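Got the model open and a selection box ready? Let's walk through it stop by stop.

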Amino acid sequence: MEAKLHELKRRLIEANDLSTAAAVLYWDQSTYMPSGGAAARGRQMATLERLAHEKFTDPAIGRLLDALEPYAASLPYDADDAALLRVTRRLYEREVRVPADFTALLAHHTAESYQVWAEARPANDFARVQPYLEKTLDLSRQLADFFPGYEHIADPLIDFSDYGMKASTVRQIFGELREQLVPIVQAITAQEPLDDACLHQHYPEAQQLGFGLEVIKRFGYDFERGRQDKTHHPYEIRLASGDVRITTRVKEDFLAEGLFSTLHESGHAMYEQGVSPAYDALPLGRGASSGVHESQSRLWENLVGRSYGFWEHFYPQLQMVFQAQLKDVSLDTFYRAINKVERSLIRTDADEVTYNLHVMLRFDFELALLEGRMEIRDLPDAWRERFRADFGIVPPDDRDGVLQDVHWFGGTIGGAFQGYTLGNILSAQFYAAALAAQPEIPDQIRHGEFGTLHGWLRENIYQHGRKFTASELIERVTGGPLSIEPYIHYLRAKYGELYRL
Ligand code: ZN
């Protein structure tokens, strides 16, 4: 058994190394690569993805999994080897259904499509990406159809990123949340808006980046095992346990953009840095699901980074960095500015209250596109229409409408967005569990200390990687299933005070 397990791990690590090499190429493409490299890069990534896929779906892996079945059955459920075999089996069964040629085709297409989007967005040119998006939709449907027997065509795609979730479960959670959210949004936006003029001044990039780095070092993001670079659309990327990178973007005329995206991505990265090193390069060696991942980024970005206590400690430091801009701005004014709720155009800049409406729009559109109720060419108009209905405003152009998010241009249509709102919900649920276990956390945050919170997250969430499914993890950490209550409670308490609701 030991020899077979060793052989299985050797093969899994080999497959992982190939897809990690593709990930390095993606990181390079989105940070430093000259645009002339696009065509070759698409091919290079496709080659590596194909090889990784071939390695991972080698029938030898299936035979090893079969042979190790009795060993897995002899172990307790939460033993590392049992989890490794269980999760590998699940991923293997899924991957073998997708032909290697298709994987390569999809990788090649999305790399090309990403490059076209990166140029079409600043040019506000939807027509340029439309044929690429049509092909993406076609490929997304084909991908789903490798998993016949689904209830909804989006189900297999949702399952890839949020295992165990279906379109119908997500719809139900979103429906309940929407019911609670919309009245809060209406009550807030009926009032005089908070003043966030202090954020819209000139903030030089270098100082913004410097301040953000100081904060995330204090959070516990380990720069010996990480780094930060600039990109179009911020993300975190794991290359190894010892190399978890983040990217950011900065607007010199809007302080919140770069700052909060840095805090956000550091939350993703600390999660990956905290996964047990024993799982490195194996299927357990990454976060549990996209919803759980997003809960960790939103926790640091919002529940910590937009809290009053956090800024009691950090605001004087921020004022030192930006004396000219902030010396006459009080902590209260700043706190209200960073928590201003408004009907805005851009998901990634949206406040905590309206954010989920942006996600629901995209999720509903994914379902409509996959079902064939909506055509790609109708997207820009449909976007404006829905925006008017949900937000009472209309995007002036596609750049800040349908072209704003990279997801459909660098991946599939379907399964790309639900994780964001699941993450918001879970961020509050996990944070409530952390505070119940360690009530001293808020006081420590007021003093710029994050060790207890970081340690609790590492112990209860990070270290497990993908050992447990999202629903198992939620149950273990909070003692119950996913619930929107802590999130609604958090929003009502915080924004009730800010807006005297
Ligand atoms: Zn995120």
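Before anything else, pick arginine 384: does it count as buried or partly exposed? Its relative accessibility is 24%, so arginine 384 counts as partly exposed. Keep in mind throughout that this is a predicted model.

**Stop 1: around arginine 384**

Now add aspartate 398 to the selection. Its side chain meets that of arginine 384 in a salt bridge, 3.1 Å from N to O. Arginine 384 sits in helix H17 (379-391), while aspartate 398 is in the loop between H17 and helix H18 (407-410), and the two are 14 residues apart. Aspartate 398 has a relative accessible area of 13%, so this partner is buried.

**Stop 2: the zinc ion**

Select the zinc ion next and show what surrounds it. Which protein residues act as its donors? They are His264 and His268, both through NE2, plus Glu294 through OE, at 2.1 to 2.2 Å from the ion. Along the sequence the donors follow the spacing H-x3-H-x25-E. Histidine 268 belongs to helix H11 (residues 255-274) and glutamate 294 to helix H12 (residues 290-304), so colour both helices and you'll see a pair 26 residues apart linking distant parts of the chain. Both of these donors are tucked away by the numbers: histidine 268 counts as buried at 9% relative accessibility, and glutamate 294 counts as buried at 5%.

While you're here, click on histidine 293, also in helix H12. With 12% relative accessibility, histidine 293 is buried too. Setting aside neighbours within four places in sequence, its contacts are Glu236, His268, Tyr271, Glu272 and Gly287, and you've already met His268 as a zinc donor.

**Stop 3: the loop between H11 and H12**

Aspartate 280 is in the loop between H11 and H12, and arginine 238 is in strand S2 (residues 236-240), 42 residues apart. Show both side chains: they meet in a salt bridge at 2.9 Å, N to O. Aspartate 280 is partly exposed, with a relative accessible area of 25%, whereas arginine 238 is buried at 8%.

**Stop 4: where the domains meet**

Zoom out and colour by domain: domain 1 covers 2-127 and domain 2 covers 167-499. Their C-alpha centres are 26 Å apart. The contact draws on 36 residues from domain 1 and 40 residues from domain 2. About 3,200 Å² is buried between the two, with carbon and sulfur atoms giving 63% of that. On the domain 1 side, highlight Trp117, Arg121 and Phe126, which lose the most area to domain 2 and together make up 25% of what that side buries.

How many salt bridges run between the domains? There are two. For a salt bridge to look at, select lysine 467 and aspartate 80, whose side chains meet at 2.9 Å, N to O. Between the domains there are also 15 residue pairs in polar contact. On domain 1, the elements giving two or more residues to the side that touches domain 2 are H1 (2-31), H5 (80-95) and H6 (100-120). H1 gives the most, with eleven residues.

**Stop 5: back along helix H1**

The whole structure holds 43 salt bridges. One of them pairs aspartate 58 with arginine 11, the closest N and O atoms being 3.4 Å apart. Arginine 11 is in helix H1, while aspartate 58 is in the loop between H2 (38-56) and H3 (59-67), 47 residues apart. Aspartate 58 counts as partly exposed, at 27% relative accessibility.

Notes. Residues numbered from 1 in each chain as written. Predicted model: local features only at pLDDT ≥ 70, side-chain atom pairs only at ≥ 80, totals over all residues. Heavy atoms only, no water. Donors = N, O, S within 2.8 Å, 3.2 Å for Na, K, Ca; no water. Helix = DSSP H or I, 4+ residues; strand = E, 2+ residues; numbered from the N terminus. Buried < 20%, exposed > 50% of the residue type's maximum accessible area, 1.4 Å probe, protein only. Domains from an automatic or database assignment. Contact = heavy atoms within 4.5 Å. Buried area = accessible area lost by both parts, 1.4 Å probe. Salt bridge = Lys/Arg side-chain N within 4 Å of Asp/Glu carboxyl O. Polar contact = N/O pair within 3.5 Å; in protein donor to acceptor, adjacent residues only side chain to side chain.
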